[in-house]
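Visitor: I would like to learn how to read the features of a protein model with some care. Could you take me through one, a topic at a time?

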Amino acid sequence: MTMIQTEFERDELTELNRFNPYLKGIYAPVRKEVTALDLEVEGEIPRDLYGAYLRNGPNPLNAPEGMHHWFDGDGMVHGIFFENGKAEYRNRYVRTRDHEAERAGTLDAGGILEPIRRERSALTTYKDTANTDILIHNGTAMALWYVSGQPVRMDPRTLETIRTETFAGRLPKNVSAHSKVDAQTGEFLFFDYDLYNPVMSAGVVSADNELKWFREVELPGPRLPHDMMITKNYMILMDLPVVFTEAGLRNGMWQIHQPKNQPARFGVVRRDGTGDVKWFETEPCYIYHGCNAWEEGDKIVFYACKMVDNGLPPNPEFGPYAPMAAVLALQAELHRWTFDMKTGQTTVEHLDDRRTEFPVVNLDLMGHKTKYAYHVTIPNTHTQVFDGLVKYDLESGNGIEHRFADGVYGAEPAFAPRVGATEEDDGYVITFLTDSATGQSEALILDARDFGGKPLARVKLPQRVPAGFHGTWAPGEQIAAAS
């Protein structure tokens, strides 16, 4: 993969970090926080597209000196706001407490490839970056971090940081990325895990930002889950066979492995916080990202991307970063799990052998039955890139692809309902694209009902959007209410 050489990698990288592929080319950070109100458009932005596509990702404030993991970069949200056929672009750092401390020169924590700092608060033993996920709750955006940190509220249009969120001081621990919002109730349902202790936690926050309940769930040992799902009445927690090594536990280092023959378990918890956890056990597997889940009578139907071996040996050109890169080059395939709440039985179905991930649905239906999901397609390369999109029919597992041009890579998309839409896929799919040869980025707008067809519009962006993590759709009426 031929990539641009950025000023960052040419002028600022240490000899050690010149081996790190996630600090170069399309992954290299940008430094400017930009506001651009007059964007060049190829095609036509639909006038019934109203709201913002937001995408979070890692963007180091300062050039790292020691070992640097892709998850260490300071959170930066890139957003494009649409109204009346016009578009605005902004990008802003997520100003966590640790980000502000680094600016002030008082940061007392490092990244996840460095020893943890146990003398810090037990809540944030690594630098808290809020760089992983972004969602909309209580009228604002909220940035979340996979390694678990404090949520950060942001204005969904200006992207300015509002505050670190503690839910009126009642949040007992941290919040992991991929917690969920139920658009029909306005509730925020969250989970967290403990790197060193055999517990997971879960809770629910009301639409009015009141912590309704919080509980800890005992596990057989420490785990490293990545996602959770919701239905109308339940939360689904994942106890999956990825854990810290014994050496990692002893030394306080980020070293993980997959134990052989340890089953995968899915814990179903009532959304009102009452009752025991009902566990469903399956063969060993790992899931980064769920797609959607819902109830059908006494059964819960759960769609997710199940990890498969990428088959790639560590790449020697990455030097000491070869093991990290091999793990980050994730590959997964769409599966369906069915949990029978009466019998306790689980069935698993493999729906498609295309390598797809970062699934999204119409967020108005999160936790309720959906027919469609939109995924990125992933080539089998030594770094994580997305070379196209696929619209899945979840009932059949069939999909329609939209491929990007050679050397052009995308981001997790978002589905934006057309203003006034009443059907699930009546709307638009939006993503950011970056040309790896030129560094030019743009926003791509597709008609969700003509998914393989010509794009409706390409909006040129004023600077490169570095490859990153997760995105969301912020409806225009919610943004207007927040303002």
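**A hairpin and its neighbours**

Guide: Let us begin with a turn between paired strands, keeping in mind that this is a predicted model. S26 and S27 form a hairpin in which five residues lie between the two strands, and Gly-397 in the turn has a positive phi of about 85°.

Visitor: How many bridges hold S26 and strand S27 together, and in which sense do they pair?

Guide: S26 and strand S27 (residues 399–403) pair in the antiparallel sense over five bridges, and Tyr-392 stands opposite Gly-399 in S27. S26 also pairs with strand S25 (residues 372–377), in the antiparallel sense and over six bridges, where the bridge partner of Tyr-374 is Lys-391 in S26.

Visitor: Why is S26 described as largely enclosed by the rest of the structure?

Guide: Burial is read here from relative accessible area, with under 20% as the cut-off. Strand S26 (residues 388–393) is largely enclosed because six of its six residues are buried. Gly-388, Val-390 and Tyr-392 point one way from S26, whereas Leu-389, Lys-391 and Asp-393 point the other way, and all are buried.

Visitor: How should I read the order of strands in a sheet, and which strands are at the edges of the five-stranded one?

Guide: The order lists neighbours across the sheet, which for this open sheet of five strands is S1-S5-S4-S3-S33, with antiparallel pairing. The edge strands are strand S1 (35–36) and strand S33 (471–475), each of which pairs on one side only. Strand S3 (residues 51–58) and S33 pair in the antiparallel sense over five bridges, and the bridge partner of Arg-55 in S33 is Gly-471. A further open sheet has four strands in the order S14-S15-S18-S19, again with antiparallel pairing, and its edge strands are strand S14 (229–230) and strand S19 (278–282). Within that sheet, six bridges join strand S15 (residues 234–239) to strand S18 (residues 264–270), and Met-238 stands opposite Phe-266 in S18.

Visitor: What does a contact list add for a residue such as Phe-432?

Guide: A contact list shows which parts of the chain meet around a residue. Phe-432 is found in strand S30 (residues 427–435) and is buried, with a relative accessible area of 2%. Leaving aside residues up to four places away in sequence, Phe-432 touches several residues, including Tyr-53, Arg-55, His-78, Tyr-409, Glu-442 and Val-465.

Visitor: Which residues are closest to the centre of the second largest pocket, and what is its lining made of?

Guide: About 820 Å³ of space lies in the second largest pocket. Of the 43 residues that line it, Val-181, Leu-363, Asp-364, Thr-472 and Trp-473 are the closest to its centre. The lining residues divide into 20 nonpolar, 15 polar and eight charged. The largest share, five residues, comes from S6, while S33 and helix H5 (476–482) are among the elements that each supply at least two residues.

Visitor: Why do Cys-291 and Cys-305 not form a disulfide?

Guide: A disulfide is a covalent bond between the sulfur atoms of two cysteines. The sulfur of Cys-305 is 6.7 Å from the closest cysteine sulfur, in Cys-291, which is too far for a bond, as the cut-off is 2.5 Å. A search of the whole structure finds zero disulfides. Cys-291 counts as buried at 2% relative accessibility, and Cys-305 counts as buried at 0%.

Notes:
Residues are numbered from 1 along each chain as its sequence is written. This is a predicted model: local features need pLDDT of at least 70, side-chain atom pairs count only at pLDDT 80 or more; totals for chains, interfaces and linings use all residues. Side-chain values use heavy atoms; hydrogens and water are left out. Buried means under 20% relative accessible area, exposed over 50%, partly exposed in between (1.4 Å probe, protein chains only). Two strands pair if DSSP finds at least two bridges between them. On a 1 Å grid over the protein atoms alone, a cavity is a set of points where a 1.4 Å probe fits but cannot get out, and a pocket is an open set with protein on both sides within 12 Å along at least five of seven lines; lining residues have an atom within 4 Å of a point. Grid points are joined across faces, edges and corners, and a volume is the space filled by probe spheres set on the points. Ala, Val, Leu, Ile, Met, Phe, Trp, Tyr, Cys and Pro count as nonpolar, Asp, Glu, Lys and Arg as charged, and the others, Gly among them, as polar. Contact means heavy atoms within 4.5 Å.
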